[in-house]
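Please work through the following exercises with the sequence and the model side by side, trying each task before reading its solution.

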Amino acid sequence: AEHAQQQQQVQQQQQAAAAGSGQAEVGSAQRFSFTGVKHDVVGPIINGEYQVAGSNHGKPAYKKETAANGLVVMVYYWDERDGTPNSGWWVGPQIGGNMVWAHNANLTTSSPPLTGWQAPHSSPIDPTITLVPGGGAAQAQQPQTQQQLLQQQIQQQQLAQQQALQQQQAQQMQHVQHQQQAWAMQQRMMQQQLLAQQQRQQVEEKRAQLEALNRLRVAEQQAKMAEQKRLQEEMQRKRIEEQRLKMEEMRRQQAEAQSVMNIRRAFHKVRSMTPENFDSIKDELMQQFTAEFEKCGSQQAAIQAECDKLLEEASQRVEQVKEQRAKEEAARQEAIRKQKEAADNAKRLFIDFVQLVKVAEAAVKELAESRAKFDEQGNLRTEAEVSRAAAPVEALGEEAASKANTCFEFLKEKGADMKMLPTTMPPKPKDATPETEKADSQPDEKDDGKSSEEKELENPTLMTLQKVQLRVNQCKGQVEQEVRNLKKSMQNAVKRAFALVDKQAAKAVFDKYDKDNDGLLSKKEATAFAKSECKTMVSESDMTLAFKAIVAEGSKGVKEQEFQALKASILVARERARDAERKKQREAREKELEGQKTELQNELKHLQQRYSEVEKAIQELNKTTTTLSIKAKGMKSTEMLERAAEVEQSIKASQAEIADVEKDIVATSEGKDIAEELQKWHDTEKRKLSVSLKGLEAICTRASQMTDKFKVDASKKDAGEVRALGEKAMEVLKQYKADNKLTTAELFASIKQDDADCFDADDLAAFAVKLPKVDGDEVSALTEEDLRRAFRSFDEERSGSVSAAAFEAVMSVMMKVVKEVILTEALKIKDAKAVRRLEVGEIVQVLEGPVQEETSEIMRARVKTVENVAEGWVTVSGKAGDSVFLQEGVAYKVIKETILTDSFELDAPKDEASKANAFTRKLKPGEMLEPREASKQTASGLVRMKCKVKSDGTVGFVTSVGNTGIKFVELAV
């Protein structure tokens, strides 16, 4: 009971202290001092003077006046939006950052609490840590301030704790010395009551003092508010007067602008002046200008100058328009004159053209009449007579064609000039009436009987010219038609003459063999005719059949008009005899060809069998290559490469077999006299086999392509496996290096032979297999064969061995700064001196570590910056990895096409380049590069770095920035 009473008294004292002093916080003070932080790392950072520097989440934020080791220190408030554990007052390098050094969970104060702070933030509350408003000097000059009240409150709390401890000790000894304890307890209680009474009196006195001070502050505040109200009213009156003056000035300016606008509206009309309205618009402008000019105020001079300039420009423009119109009128009159001259010339040429057309039409008419007279001649007996009779008509045709061509030549030469004729007839008089028009349409005695066509020719138009052109075309067409008709008539006349000659010759032959002159040919006479004239012997039966078909019943022989039919029957009989002889010869030839064809078919059959065998093998090969990509998923790269070699061997064997069959196909025709009738068939069969072989060759080609792709996939897979094995081997070596605290040079010395300056695949395998194994660890379970393959990841220059410099480049780790961090000289932050700040995006090369810093348990590493070279220690990640400052995986991207070379200097001597197996590889935009060494500047001003191409593993030097500032390579995001 006594203990509970004592606790209640302490609480009452705390409440009284809080009530007497308002709130235990900084309050409206603009500055305060942070004191009492004793932690070795955090203390120097936090202790010091702070002043207001903005706000956060509705409450003020404070910034330390002097930076601690280059670090900014902020005191700020964070509300419960991220949860209660993350709320309260915090001390850190930035507002809302992940790194903090101290914390106060009080959410009720409007400014930082004076007590209750945890520093570091995860430690218990330290009662010795206090905030002093106004700074240490101001506090020393103000008696009875909140700091004194706070110290009294702390003393009361300590006294209460001592009393509770004494009470507990008394209770423990109660069973031994009850009487003594009772008397001692009464004494202590009396003393405590007395002390409590004294304390209450002190609190009451302090409360009365504070109330008096508060009343005084209220009175002062009310006086200040009254003064501020008076000042505000005075300022309000001044603002109203200024506003009134501004409004008057604005109205004056508006009236002035309106007058200027009215005058400028008149200016717009001036810009559209013409010679016709120049005077009227000018008078209107002057009237408007006179009425509004006095109202323009400060713009009078500008408006006067603008008006004068505008009138001057308008006068010049009107004069220019007048001059232009005069020039246009002169040009129009000149054009009319030239047009009239061209029309007169066109009329003269048209008259000449009409005369030529009339001459051509007369020639055509004469030709037609002459050709008609030629057709009427029917007594022409020979071709010579026909030619002589047609000669005059042909001459007339040539003459008519020449005259028609003359018209066309004239039209071609003068046609453009004649097109200047008017498009229509001259207009009729304005006073013409329907009666006069009708009278004009009737022939007049004064017109000398001229037709409308003749009148139209006297006043030609373009339509008249077109009509005459149509007459020329018709004239030329009539000439061509008459010439064609003449040729046809001549052909008919020649045919009639030849027919008459043939008839007379046939009659002479008939009379020759009609020995008895009875006008009939008997069978005997017909047989003699066949033998002598047709050179053939007709059998009795054939002649009987011919007479039966030709000679009418009751007649004794063939009449003269039936003689031609007899001749045809004899010729038919002759052809039948010849057909029988040809058939006999053909059958003998076919028998001869059949034997040769059988021999050739046997050879082709043998080749077909060989083709089938090759086809079967190639189809099997095709199945094998088709399934290569499917089987590749379950195969290692070494197995894939072995399988690819086997398939390539099979493809070469199949291609050799195809070549042999093709050679044998060609040999079937060599040294043989193949009949012409079989040659085409034999060539066709050979061609079929050759085409089939071409198909097999295509399959082989496709199989070869698929095998090549399979090899490429195997190489890619091999590169991936080697890369993975290299990473595992790298992990083994790095772990060994870290465990034994070795440098890269010491690790290199452990791998190589004692007397060597490099190591090869066998040295790496022999070293790595001796390292301790961990059960279940894939990395440490690498076989010797795996290590030999992994060696290729270390041998980036493909020389078969790895030098110390190359090993140093491969083992180096590049990291990128992802959050600003300080580079220091030493590992321990407490004793470290800052070198400089590392900015986000900077690249550093890890020289040692990362290792854990002993006092703060954060990971630190010794690094070297790539640009503005500097070395030192830097924090890689915060405690438990909660804040990451550096990340691995640095890569560069090619943004402009450039080249990768084997030497640092582009103009390296040839002998040096040849020693290094000189090469040049194009780098295209988008290719990714891994850095191997920091960038350096060449003698010519280029910035170059050593890197590895990710796609194929090629290592060399690339220009990142040219000597003119052009970037070829940039850091990949």
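## Exercise 1: an aromatic pair

W117 has a relative accessibility of 0% and therefore counts as buried, a term that applies under 20% relative accessible area, with exposed meaning over 50% and partly exposed in between, for a 1.4 Å probe and protein chains only. The structure is a predicted model, in which local features need pLDDT of at least 70 and side-chain atom pairs count only at pLDDT 80 or more, while totals for chains, interfaces and linings use all residues. Residues are numbered from 1 along each chain as its sequence is written, and side-chain values use heavy atoms, with hydrogens and water left out.

Task: Determine how the rings of F34 and W117 are arranged.

Solution. Begin with the total, which is 13 aromatic pairs in the structure; rings of Phe, Tyr and Trp (its six-membered ring) pair if their centres lie within 6.5 Å, and planes under 30 degrees apart count as stacked, over 60 as edge-to-face and the rest as tilted. For F34 and W117 the ring centres are 5.3 Å apart and the planes stand at 65°, so this pair is edge-to-face. Next, place the two residues: F34 belongs to strand β1 and W117 to the loop between β6 and β7, so that the pair links distant parts of the chain, 83 residues apart. F34, at 3% relative accessibility, counts as buried. Finally, F34 and W117 belong to one aromatic cluster together with F32, Y50 and Y62.

## Exercise 2: the sheet

Task: Establish in which order the strands of the open sheet are arranged, and which strands stand at its edges.

Solution. Strands are DSSP runs of E with at least two residues, helices are runs of H or I with at least four, and both are numbered from the N terminus; two strands pair if DSSP finds at least two bridges between them. Start from β1 (residues 31-35), which pairs with β2 (residues 48-56) in the antiparallel sense over 4 bridges, with R31 opposite Q51 in β2. Strand β1 is also joined by 4 bridges to β7 (residues 130-133), again antiparallel, and here S33 stands opposite V132. Strand β2 is in turn joined to β3 (residues 59-64) by 5 bridges in an antiparallel run, where Y50 has K64 as its bridge partner. The complete order of the 7 strands is β6-β5-β4-β3-β2-β1-β7, with antiparallel pairing. Because β6 (102-104) and β7 each have a single partner strand, they stand at the edges, and one side of each is left without a neighbour in the sheet.

## Exercise 3: two helix pairs

Task: Describe how α16 packs with α17, and how α7 packs with α8.

Solution. Two packed helices are described by the angle between their axes and the distance between the axes. Axes are lines fitted to C-alpha atoms, for helices over the stretch in contact, and angles run from 0 to 180 degrees between N-to-C directions. Helix α16 (residues 637-667) packs with α17 (residues 676-739) at about 165°, their axes being 9 Å apart. These two helices are therefore roughly antiparallel, the name for angles over 145 degrees, whereas those under 35 count as roughly parallel, 65 to 115 as roughly perpendicular and the rest as oblique.

For α7 (residues 300-375) and α8 (residues 383-418), the angle is about 165° and the axes lie 9 Å apart, which makes α7 roughly antiparallel to α8.
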